[in-house]
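Q: I am new to this structure and would like a close look at a single part of it, the sheet and what lies around it. Please go through it step by step, and say which contacts and charged pairs belong in the picture.
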Amino acid sequence: MTMRVLVTTSYLKPGGEVDKLLSDAGFDTVFTTPAQREATGTPLADLVRDADGIVAGTDAFPAEVIEAATRLKVFGRCGVGYDNIDLDAATRGGVAVTFTPGANRRSVAEHVLALMLNCARLIPQNIASIQAGRWEQRSGRELDGAVLGLIGLGSIGKTVARLGLALGMRVVAHDPYPDEDFLTETGVEARTFDEVLTEADFLSLHIFLDDSTRHLIDASALRKVKPGAFLINTARGEVVDEEALADALENGALAGAALDVLTEEPLPLDSRLRRLDNVLVTAHIGAATEQARSRSSLMAAQQVIDALQGRVPGNLVNPGYATAVRR
């Protein structure tokens, strides 16, 4: 029986390069999107039942969905985060989980730069003012000479650091496992978490979501942030306490924020963040470039192929899956 790969990444389509890669490797492919499932009333749990592998986007795969997939052997997650997959359930079921670190580092880093420039020069506010019939020339600020503070110095954080340095920014960073060679080579300055908060003019987050980072940026942290600073989050929405952030933005503790990720996506219509003119929100598009999507999806698909053909896939998150006893 031919093995089947379910593709849930919404931007991947039948006939595309991922479909060709999987088909050339001898697999049947099935493509699904949330919109299609909503239109047909088809639960994701029904589609995974005969899947041997999944090229996964941002759909949630809780334990009950994974347990319904009795043939499943591997998830290839397109992206650097995999918190949408119940890792414990996958490991218990003998299902490998992989991800694609580095594939979107440049696209996310460039988006951070775009958000910083928009914040610094008040571009969204200026556009809104002109659309409302006004002509206002409010003063912004230059990035040259400003302090860029990074929480997390992985592949994306390093790329953001290099872009900041190229613009004349001073870069300070906190990472629990700093790359000393990178710090020496670039001149990025290692700091404690609190020191980054107090020094940064632009505070950019580049951390995974886990129990230790959930609401890392809370009311206490925001009270330590330098007055007039901007917060930029392209990591995971849940690392920021959004109610505390709204408070800080309303009372002037922060000059503004730029968010590409949110606790709930899409942003709820009644969110306090929608009412604030010093918040810039984009629809989780940090990795949404043609180049990054191609790199990420092809890497994820190849990892699925490797696992289904009996090889240990690259970028494996749960190496203990191989010793688990399948239901």
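A: Two strands pair if DSSP finds at least two bridges between them. The model described here is predicted.

Strand β11, residues 256-259, is a convenient place to start. Three bridges join β11 to β12, and these two strands run parallel. Within this pair, Leu259 stands opposite Val281 in β12. The pair belongs to an open sheet of seven strands, in the order β8-β7-β6-β9-β10-β11-β12, with parallel pairing. At the edges of that sheet are β8 (189-190) and β12 (279-281), each of which pairs on one side only.

Next comes helix α12, which spans residues 242-250. Which of its residues are buried? They are Glu242, Ala244, Leu245, Ala246, Ala248 and Leu249. The elements that cover these buried residues include β11 and β12, together with β10 (230-233) and helix α11. The N-terminal end of α12 is capped by Asp241, which has a side-chain oxygen 3.2 Å from the backbone nitrogen of Glu243. After α12 comes Gly252, with a positive phi near 85 degrees.

Helix α11, one of the elements covering α12, runs through residues 219-224 and contains Lys224. Is Lys224 buried or exposed? Its relative accessibility is 34%, so Lys224 counts as partly exposed. Leaving aside residues up to four places away in sequence, Lys224 touches Asp194, Leu197 and Thr198. With Asp194 there is also a polar contact between the two side chains, at 3.3 Å. Glu199 is 25 residues from Lys224 in sequence, and the C-alpha atoms of the two are 9.4 Å apart.

The charged pairs come next. How many salt bridges does a search of the whole structure find? The search finds 23. One of them involves Lys158 and Asp179, whose closest N and O atoms are 2.7 Å apart. This pair links distant parts of the chain, 21 residues apart: Lys158 sits in helix α8 (residues 155-166), and Asp179 in the loop between β7 (170-174) and α9 (180-186). The loop in question therefore follows a strand that is also named in the order of the sheet. Lys158 has a relative accessible area of 22% and so is partly exposed. Asp179 is partly exposed too, because its relative accessibility is 29%.

Two further pairs can be set beside this one. Arg311 forms a salt bridge with Asp306, with 2.8 Å between the closest N and O atoms. Here the partners fall into separate classes: Arg311, at 40% relative accessibility, counts as partly exposed, whereas Asp306, with a relative accessible area of 16%, is buried. Beyond single pairs, salt bridges that share partners join Arg170, Glu189, Arg191 and Glu199 into one network. Glu199 is also the residue whose C-alpha lies 9.4 Å from that of Lys224.

The other pair is Glu136 and Arg134, whose side chains meet in a salt bridge at 3.6 Å, N to O. Glu136 is partly exposed, with a relative accessible area of 35%. Arg134 counts as partly exposed at 42% relative accessibility.

How values were computed. Residues numbered from 1 in each chain as written. Predicted model: local features only at pLDDT ≥ 70, side-chain atom pairs only at ≥ 80, totals over all residues. Heavy atoms only, no water. Helix = DSSP H or I, 4+ residues; strand = E, 2+ residues; numbered from the N terminus. Buried < 20%, exposed > 50% of the residue type's maximum accessible area, 1.4 Å probe, protein only. Contact = heavy atoms within 4.5 Å. Polar contact = N/O pair within 3.5 Å; in protein donor to acceptor, adjacent residues only side chain to side chain. Salt bridge = Lys/Arg side-chain N within 4 Å of Asp/Glu carboxyl O.
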